[in-house]
Amino acid sequence: MPASRKKVERIFRGIPVSAGVCRGKVYVLVDPKDDGIPHYTVADEDLEKELQRLDRGLRETRSEILQVQQQVAETLGIKDASIFDAHLLVLEDPTLIEEVTLRIQREKINAESAFHQFSEKYATTLSNSKDEYLRERAADMRDVSSRILANLTGRHRLSPLADLPEPCVLVSHDLTPSQTALMDKTKVLGFITDAGSRTSHTAIMARSMRIPAVVGLGNISKELRDGQELLVDGYNGLVALNPTDQTLFEYGQIIRRQVSVEESLRQVREQTATSLDGVRVTLSANIESPDDIESVKASGAEGVGLFRTEYLFINRQRPPTEEEQFDAYQKVAIALNPSPVIIRTLDLGGDKILPELDIPQEMNPFLGWRAIRFCLAETAIFREQLRAILRASVTGNVKMMYPMISGLEELLQANALVEEVRQELRSKGVPFDENMEIGAMIEIPSAALVADSLAKRSKFFSLGTNDLIQYSMAVDRLNAKIAHLYEPTHPAILHLIHHTVKAGKRQGIWTGICGEMASDPSLIPLILGLGVAEFSVASASVPAIKHLIRQTRMSEAIALAEAALQCESGAEILERSRSYARKVAPTLFEHEKPC
Ligand code: PEP
Ligand code: MG
């Protein structure tokens with residue numbers, strides 16, 4: 001290939017949300033709500049090819065319209081079919097072809113962008129006309145335009161996610177958790193999105209599925225085209241378009257080092273999460289479905305610290321029945337017995353939406369009708385789930401917890417409903433564990449502040465730091481623009497965690513953590529030092545976190561946390577914890593690249 005035609009490497013920086021490196025061909029998904037017209041510069045030597053592409057797009061559209069016209073003529077008659085004559089005329093309009101050609105040549109831009117700019121201007125002028133005939137032509141123009149653009153872009157709708165033609169790197173403006181759950185792991189090598197952040201449920205799903213992912217890349221879905229070569233670095237948030245041999249070589253080394261780190265971490269699989277000075281904590285895994293059981297077992301986790309049951313409800317026509325739920329819960333409980341399985345009651349709402357349940361659209365879904373609020377209103381759904389969980393409680397070591405408790409009232413109401421369901425089961429002679437422990441998630445600042453009163457009515461706490469941080473700092477956990485403000489080590493967050501743990505200890509209950517903060521190796525010494533007794537993380541993160549706990553001296557972690565509680569700066573707290581973690585477990589940080 002002559003030097004001038006060599007593909008140039010471009011590096012994009014985003015937010016790393018799921019570890020790993022992958023390389024593959026781009027497959028762009030278009031959101032149906034998005035007009036998604038790609039815009040890019042075309043090199044001088046490629047302009048001729050771009051004009052040919054325009055010509056091909058127009059010809060394909062012409063034969064498509066002729067075909068439709070033929071079908072309409074056969075079914076509805078010649079008169080109706082003649083409507084399409086106007087569409088064919090648009091395609092042959094010399095002004096249109098001349099204008100778009102000139103734009104491509106002068107502005108050196110791609111055909112679809114040039115066409116879109118012109119057709120929009122043309123359609124707007126027509127629709128503003130006083131002449132009714134011309135106004136109607138605006139609709140023809142837009143109709144033909146959308147056909148031409150679809151042919152030029154060859155872009156795909158979001159629906160075929162479960163059905164991708166070949167292994168690829170998905171590129172999209174955004175992805176919902178339910179779309180991510182549909183991904184075929186053998187086909188999706190990795191994904192990148194314009195929007196998103198580290199604690200969105202999409203990112204959490206990616207980690208759980210071990211798919212490398214980078215989000216918050218701005219406009220990348222508009223810049224990339226199908227078939228381009230891409231490398232995704234989910235450790236550092238880098239994306240390389242047309243990676244050079246040098247880049248591929250460097251990443252080859254990173255991957256090899258990572259494989260050897262993972263091999264060495266296998267040794268801790270059978271060991272306990274015990275600090276160097278003998279303090280043992282519980283290290284469990286977060287799951288979304290019984291399909292995750294094998295990864296939990298393989299990771300060396302001691303059970304499940306968070307079973308996000310809402311994933312049983314999404315991507316289906318109707319909610320699961322009590323029997324279906326019972327089946328899912330008991331499968332996990334039996335497979336992991338005697339290790340504990342903490343089943344979280346339904347946390348629908350926020351970014352986990354279920355169209356079938358007719359939850360109204362809200363201005364602020366994360367502040368809206370979500371989780372326990374939904375369950376306390378839709379008691380039939382809640383009772384059904386409670387029955388299924390209670391019935392499963394005799395099949396293993398099952399515990400249950402409520403999400404999004406904001407204060408005592410909600411906890412009491414939820415407990416009262418549980419008592420009613422227990423009574424119902426007793427009266428029918430259905431067995432359940434009378435002593436099944438029930439805990440509260442602490443993920444709203446108000447709950448942390450009244451933790452003393454909640455602790456009197458709970459058997460344990462689990463810190464949902466993903467939400468605790470978003471609500472304490474007023475930082476939307478999905479918004480890439482403000483992702484830099486989402487600060488787990490903010491002094492306020494430390495004080496809320498500290499306050500919760502102390503309140504729990506006063507009442508003799510333990511506090512765990514199941515938010516993503518617990519998967520960040522840099523923060524483990526700090527969280528340990530704050531007195532958190534149980535960590536629940538994605539299965540993929542279990543070996544690294546266990547290794548770190550085993551390399552930490554609890555007395556030093558406590559000193560670190562005490563010093564951190566005196567600090568006024570989140571950055572300083574992060575630095576202190578990170579440098580301790582790096583000192584005791586340097587191999588876990590080897591894949592980091594300087595910014
Ligand atoms: C959390 O908020 O930290 C949590 C674990 O719950 P989710 O991420 O499902 O909201
Ligand atoms: Mg939460």
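Sorted by class, the shell around ligand 1 comes out at 8 charged, 5 polar and 4 nonpolar residues. Keep in mind that this is a predicted model. Two things are worth a look here: how the protein wraps ligand 1, and how it holds the magnesium ion (ligand 2). E443 turns up in both, as a donor to the magnesium ion and as a polar partner of ligand 1.

**Around ligand 1**
- Ligand 1 has 17 residues around it, and H201, R308, G464, N466 and R477 are the closest.
- R477 puts a polar side-chain atom 2.8 Å from an oxygen atom of the ligand.
- The side chain of E443 has an N or O atom 2.9 Å from an oxygen atom of ligand 1.
- T465 joins in through its backbone, with an N or O atom 3.1 Å from a ligand oxygen.
- On its own, ligand 1 has 290 Å² of accessible area, and the protein covers 100% of that.
- Three elements give two or more residues each to this shell: α8 (201-209), β11 (304-308) and α18.
- Of these, α18 gives the most, with 3 residues.

**At the magnesium ion**
- The protein donors are E443 (OE) and D467 (OD), at 2.0 to 2.1 Å from the ion.
- E443 sits in the loop between β14 (438-442) and α16 (445-449), while D467 belongs to helix α18 (residues 465-473), so the pair ties together parts 24 residues apart in sequence.
- E443 is buried, at 2% relative accessible area.
- D467 is buried too, with a relative accessible area of 2%.

Conventions: Residues numbered from 1 in each chain as written. Chains lettered and ligands numbered in written order. Predicted model: local features only at pLDDT ≥ 70, side-chain atom pairs only at ≥ 80, totals over all residues. Heavy atoms only, no water. Donors = N, O, S within 2.8 Å, 3.2 Å for Na, K, Ca; no water. Helix = DSSP H or I, 4+ residues; strand = E, 2+ residues; numbered from the N terminus. Buried < 20%, exposed > 50% of the residue type's maximum accessible area, 1.4 Å probe, protein only. Near = heavy atom within 4 Å. Polar contact = N/O pair within 3.5 Å; in protein donor to acceptor, adjacent residues only side chain to side chain. Areas by Shrake-Rupley, 256 points an atom, 1.4 Å probe, with all protein chains shown as cover. Nonpolar A, V, L, I, M, F, W, Y, C, P; charged D, E, K, R; others polar.
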